[in-house]
Amino acid sequence: MTTVRVCVCGDEGTGKSSLIASLVKDVFVSNKIQSVLPQITIPPSISTPENVTTSIVDTSARPQDRTVLRKEIRKSNVILLVYSDHYSYERVALFWMPYFRSLGVNVPVVLCANKSDLVRDSTTPQVVEEEMLPVMTEFREIDSCIRASAREHSNVNETFFLCQKAVTHPIAPLYDHKEGDLKPACVSALKRIFYLCDKDQDGYLNDEEMHQFQAKCFEKPLAYEDLQNIKLSLQASIRGYNAAHGIDMKGFLQLNKFYAEKGRHETIWVILRKYHYTDSLSLEDGFIHPKFEVPEYASAELSPAGYRFFVDLFLLFDKDNDGGLNDRELTALFAPTPGLPQSWIESSFPSSTVRNEAGYVTLQGWLAQWSMTTFQEPKTTIEYLAYLGYEPSGVRDPLTSALKITKPRKRRNRPGRVERNVVLCYIVGAGGAGKSSLLDSFLSRPFDSLYHPTIKPRRAVNSVELPGGKQCYLILEELGELEPAILENRAKLDACDLICYAYDSTDPDSFSHIVDLRQRFPHLDELPAIYTALKADKDKATQRSELQPDQYTSSLMMSSPLHVSVTWNSISEFFVALAEAATNPSTAFPKNEEPPPDRSSLYIAVGATLCAGVAAFMIWRRSTNAA
């Protein structure tokens with residue numbers, strides 16, 4: 001916000017205009033001034049401490065000016081309600097506050113007891129006086145109260161600073177005066193901040209973490225004496241509190257409650273805004289959703305910095321060091337987020353990736369899951385990086401630095417490898433072919449002989465080591481009942497790196513499903529493909545198809561189907577073959593024409609003849625010159 005519009009209201013004779021004049025002139029104006037001053041705009045250079053422009057609008061309480069009053073109240077960002085004696089104070093609760101509510105305005109109100117020079121013992125500035133507490137308790141829209149004197153120029157600047165602060169640092173979202181406690185949304189935001197500051201996740205902010213917190217939020221060091229005073233104040237206010245290990249969550253919340261109760265809620269806002277919170281206590285949309293576009297035919301992957309962050313996060317929360325994140329550890333890890341990403345829930349995480357014997361996601365599975373998420377929905381990864389506190393120093397775009405864009409691969413039939421470390425393979429085939437068992441085997445799950453039909457698409461992701469030692473992440477997806485819809489969706493197919501046509505080698509009707517699919521969707525020829533005969537450990541059946549699988553693939557000038565069984569130990573070689581074909585797609589394209597004749601022997605013969613002729617000519621020249 002760049003402008004704060006203050007509407008000054010109150011009964012006649014309370015000194016509204018005198019307060020404004022005293023602010024502008026910096027002295028009390030003793031001469032009789034006009035009843036209503038014109039609007040005054042104070043630029044940031046000479047304004048009260050906040051760096052915003054302040055517009056101050058004087059008003060009249062006369063009944064004949066009520067239309068103008070309503071208009072100005074509705075245009076304001078904050079209302080300064082001025083009273084000066086017992087009668088005008090009674091009117092605050094009986095008339096003015098109900099009147100503001102009747103207009104439906106939702107702006108903070110600053111209550112000012114003017115003419116404090118006429119009251120004894122009124123020199124304490126910016127204090128909620130005993131007389132003001134009842135009305136503040138009844139009307140929550142009252143942000144703060146202050147005593148001032150236009151005649152003595154006492155607390156005049158402070159009064160308008162409170163108006164400014166009520167807009168730029170509102171107390172209403174933070175603190176409930178009636179309950180005497182921080183509001184739930186504020187508590188949630190502060191808990192997330194505590195989590196991000198607790199670097200070792202031991203439940204305490206130790207001295208070093210407190211110094212880092214101070215430097216980040218306030219850009220100045222925290223003196224040793226100040227830190228000790230904070231600990232002493234917490235010990236004095238919380239029964240049995242022990243700060244020997246540092247400040248825990250309870251103490252951190254109590255510290256911020258102190259700030260709210262003492263009128264220092266701008267301190268809380270400095271903290272919140274440093275961690276990208278808005279006035280509604282939600283994270284800034286530009287922070288959790290920065291601009292990040294993936295060009296057509298390209299993909300998104302985690303950068304080395306992104307992988308490093310997720311490795312560190314896993315190791316930090318694996319408290320029992322068993323190599324897996326149990327439910328309690330996962331809950332603690334995702335505490336500062338809305339919960340698991342929706343796509344993880346839909347894919348029944350962690351069953352979509354690698355788990356240990358206890359069923360907990362391993363580090364390998366953790367990285368594989370984030371690799372798949374980044375590949376399929378990079379903006380979700382960016383959003384969760386924001387929630388989880390990824391903020392590397394010295395980087396211009398900190399969140400997006402955890403990701404990288406791969407080189408577009410529009411023409412997939414070109415020789416050579418694609419520059420991708422994460423690839424997607426659709427497993428298509430008839431029901432009962434063994435596709436689900438293939439995904440289970442990919443994740444080292446035991447074989448289940450009981451048939452469970454797949455209704456919704458199901459994904460599995462794991463790392464695969466390619467020949468030469470390079471590692472990539474392979475995503476296998478069976479399409480379920482959505483198979484026809486996905487295969488006719490060009491956008492879905494553009495994201496796919498390979499199609500694996502799988503059939504049951506023991507079912508005579510299984511391969512015809514693949515033939516029908518390819519006839520129904522001829523554009524599948526544009527994608528690299530591998531054919532596989534599953535259940536190869538059992539007796540092979542003759543397929544009821546015009547061509548047997550070997551003949552069919554031969555007619556396409558492609559390799560014969562790979563015969564595999566999920567019960568064989570060599571099944572891992574099949575997944576390597578899929579990853580190889582996905583990263584080197586030109587080797588897995590159907591060819592509809594005879595390959596060009598191999599003329600390499602002809603070229604070699606012509607080259608040899610030409611070389612022999614040149615040599616004979618050189619020998620003849622030398623012999624001629626010698627003669």
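**View 1. D509 and R544 pair up in a salt bridge.** The closest N and O atoms of D509 and R544 sit 2.9 Å apart. Everything shown here and below comes from a predicted model. D509 belongs to the loop between β18 and α20 (511-520), while R544 belongs to the loop between β19 (529-534) and α21 (549-555), so this pair ties together parts that are 35 residues apart in sequence. As for solvent, D509 is partly exposed at 41% relative accessibility, and R544 is exposed, with a relative accessible area of 56%.

**View 2. R420 meets D497 in a salt bridge.** Here the closest N and O atoms are 3.1 Å apart. The two residues come from distant parts of the chain, 77 residues apart: R420 from the loop between β14 (403-405) and β15 (422-428), D497 from the loop between α19 (490-495) and β18 (498-504). Buried or exposed: which is R420? R420 is buried, with a relative accessible area of 2%. D497 is buried as well, with a relative accessible area of 1%. Keep R409 in the frame too, since R409, R420 and D497 are linked in a network of salt bridges.

**View 3. R140 and D176 join their side chains in a salt bridge.** The N to O distance is 3.3 Å. R140 sits in the loop between α4 (133-138) and β6 (142-147), and D176 in strand β7 (residues 175-176), so the contact ties together parts that are 36 residues apart in sequence. R140 is partly exposed, its relative accessible area being 42%; D176, at 11% relative accessibility, counts as buried. How many salt bridges does a search of the whole structure find? The search gives 22 salt bridges.

**View 4. D143 is a buried acid with no salt bridge.** D143 is found in strand β6. The nearest side chain of opposite charge is that of K165, and K165 is 6.6 Å away. A salt bridge would need a side-chain nitrogen within 4 Å of a carboxyl oxygen. What does the side chain of D143 have close by instead? One of its polar atoms lies 3.0 Å from the backbone nitrogen of I171.

**View 5. The side chain of T353 reaches a backbone oxygen.** That oxygen belongs to G365, and the distance is 2.9 Å. T353 is part of the loop between α14 (342-346) and β13 (361-362). With 0% relative accessibility, T353 counts as buried.

**View 6. W366 and W370 make an edge-to-face aromatic pair.** Their rings are 5.9 Å apart, centre to centre, with 85° between the planes. Both tryptophans lie in helix α15 (residues 363-376), four residues apart, or about one turn of the helix. Both are buried. Zoom out a little and the pair turns out to belong to one aromatic cluster, formed by F309, F310, F314, F334, W344, F349, W366, W370, Y384, Y387 and Y390. Across the whole structure, a search finds 30 aromatic pairs.

**View 7. Two charged side chains lie over tyrosine faces.** K216 covers the face of Y275, at 4.9 Å from the ring centre. R66 does likewise with Y99, at 5.8 Å from the ring centre.

**View 8. C7 and C9 do not form a disulfide.** How far is the sulfur of C7 from the closest cysteine sulfur? The distance is 3.6 Å, to the sulfur of C9, which is too far for a bond. The cut-off for a disulfide is 2.5 Å between sulfurs. C7 is buried, with a relative accessible area of 1%.

**View 9. C163 is in no disulfide either.** For C163, the nearest cysteine sulfur is that of C112, 8.1 Å away. C163 counts as buried, at 0% relative accessibility. A search of the whole structure finds zero disulfides.

Technical notes:
Residues are numbered from 1 along each chain as its sequence is written. This is a predicted model: local features need pLDDT of at least 70, side-chain atom pairs count only at pLDDT 80 or more; totals for chains, interfaces and linings use all residues. Side-chain values use heavy atoms; hydrogens and water are left out. Buried means under 20% relative accessible area, exposed over 50%, partly exposed in between (1.4 Å probe, protein chains only). Rings of Phe, Tyr and Trp (its six-membered ring) pair if their centres lie within 6.5 Å; planes under 30 degrees apart count as stacked, over 60 as edge-to-face and the rest as tilted. A charge sits over a ring if NZ of Lys or CZ of Arg is within 6 Å of the ring centre and within 35 degrees of the ring normal. Lys and Arg count as positive and Asp and Glu as negative; His and the chain ends are not counted. A polar contact is a pair of N or O atoms within 3.5 Å; within protein, one must be able to donate a hydrogen and the other to accept it, and residues adjacent in sequence count only if both atoms are side-chain atoms.
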